[in-house]
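This report describes the internal spaces, helix contacts and backbone features of the structure shown below. The reader may wish to keep the model open while following the text.

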Amino acid sequence: MKISMFHLMPYRDLPDDFERRYHSVWVDPPYFELADSEKIGQYYNWTFDELIHAARCGMDGICVNEHHQNAYGMMPSPDLMGSVLARATNGMKTAVVQMGMTLPTTVPPIRVAEEYGMIDCISGGRMVAGMPLGTPMDVNLCYGISPAEHRERYYEAHDLIMKAWSARETFAWNGKYFKLPMVNPWPRPIQQPHPPVWIPGSGSLSTWDFAAKHDHCYCYLSYWGHHSGKQVVDGFWEFVSKNGLDPNPYRVGFLQLVAVSESDAQAEKDYYRHVRYFYDKCLHVPPEYISSSGNQDYRSLVNSIKNINPEIGKLTEELKHWKFSEFVKRGFVIAGSPATVRDHLMDAVKGLRVGNLMVLLHIGSMPHDLTIKNIELFSREVMPHFRSVWDDQWENRWWPKRLLDKPATGVTRSANGEARASK
Amino acid sequence: MPEERTLNLWHGAVKPTVKVAGSGAPLVFLHSGFGPLWEAFLDNLARDFTVYAPSHPGTGPNDVDGIRAIDDWWDLVLYYYELLDALGLKAPMLVGHSFGGMVAAEVAATDPARVSKLALIAPFGLWRDDAPIPLISTLPTPEVARRIFHPADHPASRLVFPNRNDTDAVIRITWAQNCANKFIWPIPDKGLKKRMHRISAPTLIVWGAKDGLIPPVYAEDFKRGIKNARVEIVDNASHMAPLERPETVAGIIARFLKS
């Protein structure tokens, strides 16, 4: 299987009483009250160092994503990040996973085709092309796209990008939202006919349909852990089976918080306050923002209003009082000694049937040194045990082909990989 | 009880329900973003006029897909021309509330001959940087209630904030808001300020003094921009004035329309 390190690039020094004093971590947190651009410059550089270190330690991939006006996710342009990462990891067996440019807000969307083309060329064909729909906060509130147009713009942008990558001749695009007289992007990706496409989703049927129809990898990006995520992922596998698709585990990506230390007790000492910071501050978003969108079609709206899960609201309240052991027991965070993490993560991977795992190894306020420790322990003590999972039966059709020949083998070998000049 | 007609418009893609009641000169009422509601306000108007109250595309009981057929603001304006034609109304009086007021003003500005008299109740459509209008759906319900009803727990607020267990009503009202948001989002200024000088119909602008959604300062901007306009401020009422003080608001409008 493939395991990639995900990084959100959060602000690491929000005040202790942030969630009591401020309305939201996203959209309207007051910058000049809360943030220091000098510090943020340091965070960016740590973030690069952490992801590049993960690559050197043999992680299969490194992931960045896009958010706007967000104190827990400060990568408004994932391609600026991905470009640096692609250059810095040349010569390594690491995928650059762009999770990625938000399609409905990148105008015109051939910008995604072009920039992903650049990153794939810079990286020597190691890029994964994430194609997110984007959240209501990013797309509707920060970037002003009408919720009613959100999904339509997404589908149109996707179709345009896929055509722009593969068309042999310049073409005209007369779409509903985008009109371009002469489409012919330079450069095109090295990976042909196109880089692997991953579709982040949150369990909606229309996204399953979309991923299945185009044979893309479906990624469930949740911060609620593998127990809570199982219902959604099981639903996806049921959908796959009903639609006659093969149950290839690499069809599914999943995000999991992971924290490794010398022992279970040390893990609590190392990570509890950062886990608290993540759930208390980074996820401090008013429910109106999340549900404001109206980007659902009528049937999805009816479905979500009739099936409101009161457990979720309850859980949000309860976890304010959870001890570290509760986060671990409920699978929100897989944490502990290498042996504990191996066991729990193996259960999660097998239970979910996930082939493309993403692990959040930097959590909330974690300082640089602790992040490096987590990366090293994970890649040295945990990851090697997962190398061969699924590969006896299944091919990862959603991974850069050039990286499949010889799988990376851990810290000693790939630490030699130095950046080479791209051709 | 009003009579109900379902029309087939926009090449069959939009099927609004039009409620019709009363007798006298024709009056078309365009509802707010909370969807079509036939309440005391319209009963009052129906004493003096033949009231036609169409559902906005997507909000009628047989029309959930109607909203998908109207892509943008100009589609919507043309659609309303088509609706007036289908009802056989040459130059009716046009009354619009909130989002419906924004539509009514645009119809009267783009084709002045279609409207004999115009009454706008707390319409969207203009923008002031010193009085920005928030997006309702980004606010918690209690705050919305405080901004649009006076007092916030006015009995009529139940019409737009149904009990959570009444899922049919929650779905109906949420969907109606989505259907209006398609044209309000992200800023309800579609350029009316450039066109409002074209409105030739005598115009009444009605505003609840306590409106916390679109503050009454906007009433003056409408008055300044429309040739033949005057303003009536309704005391002890907020944004939902036609629901809060139905007899008073209907009385003000009826007097204007009959004058």
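By class, 13 nonpolar and 7 polar residues make up the lining of the largest cavity, with no charged residues. The model is a predicted one, and a search of the whole structure finds 3 cavities of 30 Å³ or more. The largest cavity holds about 210 Å³ of space. Of the 20 residues that line the largest cavity, F124(B), I136(B), Q177(B), N181(B) and I184(B) lie nearest its centre. Helix α6 of chain B, residues 167-184, gives the most to this lining, with 4 residues.

The second largest cavity contains about 120 Å³ of space. Its lining is formed by 13 residues, and F29(B), L37(B), H97(B), P242(B) and L243(B) are the closest to its centre. Two helices of chain B, α1 (40-45) and α9 (241-244), each supply at least two residues of the lining of the second largest cavity. The class division of that lining is 8 nonpolar, 4 polar and 1 charged.

Among the open spaces, the second largest pocket has a volume of about 410 Å³. Its lining consists of 22 residues, and those closest to its centre are P36(B), T59(B), G60(B), P61(B) and R172(B). Strands β2 (17-21) and β4 (50-54) and helix α6, of chain B, each supply at least two residues of this pocket lining. The largest share comes from α6(B), which provides 3 residues. Helix α6(B) is thus named for two spaces: it gives the most to the lining of the largest cavity and the largest share to that of the second largest pocket.

The table sets out the volume and lining classes of these spaces.

| Space | Volume | Nonpolar lining | Polar lining | Charged lining |
|---|---|---|---|---|
| Largest cavity | about 210 Å³ | 13 residues | 7 residues | no residues |
| Second largest cavity | about 120 Å³ | 8 residues | 4 residues | 1 residue |
| Second largest pocket | about 410 Å³ | 12 residues | 6 residues | 4 residues |

Helix contacts are considered next. Two packed helices are described by the angle between their axes and the distance between the axes. In chain B, the axes of α3 (residues 73-86) and α4 (residues 99-110) come within 10 Å and cross at roughly 80 degrees. Because angles of 65 to 115 degrees count as roughly perpendicular, α3(B) is roughly perpendicular to α4(B). On the α3(B) side, the contact is made by W73(B), W74(B), L76(B), V77(B), Y80(B), Y81(B) and L84(B). On the α4(B) side, F99(B), M102(B), V103(B), E106(B), V107(B) and T110(B) take part. The residues of this contact divide into 11 nonpolar, 1 polar and 1 charged.

In chain A, the axes of α7 (residues 147-166) and α8 (residues 205-214) come within 13 Å and cross at roughly 10 degrees. Because angles under 35 degrees count as roughly parallel, α7(A) is roughly parallel to α8(A). From α7(A), the residues R151(A), Y154(A), Y155(A), H158(A) and D159(A) meet S206(A), T207(A), F210(A) and H214(A) of α8(A). By class, the contact of α7(A) with α8(A) has 3 nonpolar, 4 polar and 2 charged residues.

Some backbone features are found in loops. The peptide bond from V107(A) to P108(A) is cis, with omega near -10 degrees. P108(A) is placed in the loop that joins β3 (95-98) to α5 (110-123) in chain A. In chain B, the peptide bond from W185(B) to P186(B) is also cis, with omega near -10 degrees. P186(B) belongs to the loop between α6 and α7 (192-195) of chain B. D215(A) has a positive phi of about 55 degrees, although it is not a glycine. The loop between α8 and β8 (217-220) of chain A is where D215(A) is placed.

Finally, the confidence of the prediction may be stated. The model scores ipTM 0.92 and pTM 0.93. Chain B has a mean pLDDT of 97, and 100% of its residues reach 70 or more. For chain A the average pLDDT is 93, and 93% of the residues score at least 70. Over residues 407-423 of chain A, pLDDT stays under 50, and the model has 28 contacts beyond four places in sequence for this stretch. Where pLDDT is low, the predicted coordinates should not be read in detail.

Note on methods. Residues are numbered from 1 along each chain as its sequence is written. Chains are lettered from A and ligands numbered from 1 in the order in which they are written. This is a predicted model: local features need pLDDT of at least 70, side-chain atom pairs count only at pLDDT 80 or more; totals for chains, interfaces and linings use all residues. Side-chain values use heavy atoms; hydrogens and water are left out. Axes are lines fitted to C-alpha atoms, for helices over the stretch in contact, and angles run from 0 to 180 degrees between N-to-C directions. Angles under 35 degrees count as roughly parallel, over 145 as roughly antiparallel, 65 to 115 as roughly perpendicular and the rest as oblique. Contact means heavy atoms within 4.5 Å. Ala, Val, Leu, Ile, Met, Phe, Trp, Tyr, Cys and Pro count as nonpolar, Asp, Glu, Lys and Arg as charged, and the others, Gly among them, as polar. On a 1 Å grid over the protein atoms alone, a cavity is a set of points where a 1.4 Å probe fits but cannot get out, and a pocket is an open set with protein on both sides within 12 Å along at least five of seven lines; lining residues have an atom within 4 Å of a point. Grid points are joined across faces, edges and corners, and a volume is the space filled by probe spheres set on the points. pLDDT is the predictor's confidence in each residue, from 0 to 100.
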